[in-house]
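Dear colleague,

I am handing over the structure below, and I would be glad if you kept it open while you read the notes that follow.

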Amino acid sequence: MKRAGIALGSNLGDKNSLIVKARDHLAQMALSDDPFLQSPLYATSPLGCPHGSNDYLNAVVEFTWAGTVEELLVHCQGIERALGRVRSGIRCEPRTADVDIIYVGGLVINDPPRLILPHPRAHLRKFVLKPLSDIRPDLVLPLQKKTVSRLLAELVTEETEPLPVAEQW
């Protein structure tokens, strides 16, 4: 059993409803004896997306996972498909649902393109670090030496500040 951090995002359709549905799917998979943490929802500008892409809603959840990392990956991809995500192969394309594993305990996995843990760009993205800092500010991601809150404070990027949308969702 390990704590798993998952980043949620959506910039197509009813974004709020899609994020809630993704969260609810993940909550059903979590061990009920341990806390299910969820960040506030944030509105973020699209980063590296095609011109004219809609803003995103982003959040992070953390829960205890009893299965394998491979099973978690299959579940996350299944949630994306169930919520209408279609992968065309275009990087950073607009999407109904993005359900990305940030970390699973202290595991380090380097099996591209299938799975890289911790998420290879999580420590460089405000739209991940800001919501993660709301629930786990003192967490040190695998392969990092600084806490999430320190990484966020020191991050210099062209990315706009995530804007809080909802504490409770």
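A residue is called buried when its relative accessible area is under 20%, and partly exposed when the value lies between that and 50%. Please keep in mind that this is a predicted model. With 0% relative accessibility, Phe63 falls under the 20% limit and therefore counts as buried, whereas Phe36, at 25%, counts as partly exposed.

These two residues also belong together in another way, since the structure holds 1 aromatic pair, and Phe36 and Phe63 are the partners that form it. Their rings are stacked, with 5.8 Å from centre to centre and 15° between the planes. The pair links distant parts of the chain, as Phe36 sits in the loop between helix 1 (15–29) and strand 2 (37–38), while Phe63 belongs to strand 4, and the two are 27 residues apart.

Turning to empty space, the largest pocket holds about 980 Å³. Its lining is made up of 41 residues, and those that lie nearest the centre of the pocket are Arg95, Asp98, Asp100, His119 and Arg121. Among the elements that give two or more residues to this lining are strand 1 (2–10), strand 4 (56–65), helix 2 (69–82) and helix 3 (126–135), but strand 5 gives the most, with 5 residues. When the lining residues are divided by character, 22 are nonpolar, 8 are polar and 11 are charged.

With best wishes

Methods: Residues numbered from 1 in each chain as written. Predicted model: local features only at pLDDT ≥ 70, side-chain atom pairs only at ≥ 80, totals over all residues. Heavy atoms only, no water. 1 Å grid on protein atoms, 1.4 Å probe; cavity = no way out; pocket = protein on both sides within 12 Å on 5 of 7 lines; lining within 4 Å. Points joined across faces, edges and corners; volume = space filled by probe spheres on them. Helix = DSSP H or I, 4+ residues; strand = E, 2+ residues; numbered from the N terminus. Nonpolar A, V, L, I, M, F, W, Y, C, P; charged D, E, K, R; others polar. Phe/Tyr/Trp six-rings, centres within 6.5 Å; stacked < 30°, edge-to-face > 60°. Buried < 20%, exposed > 50% of the residue type's maximum accessible area, 1.4 Å probe, protein only.
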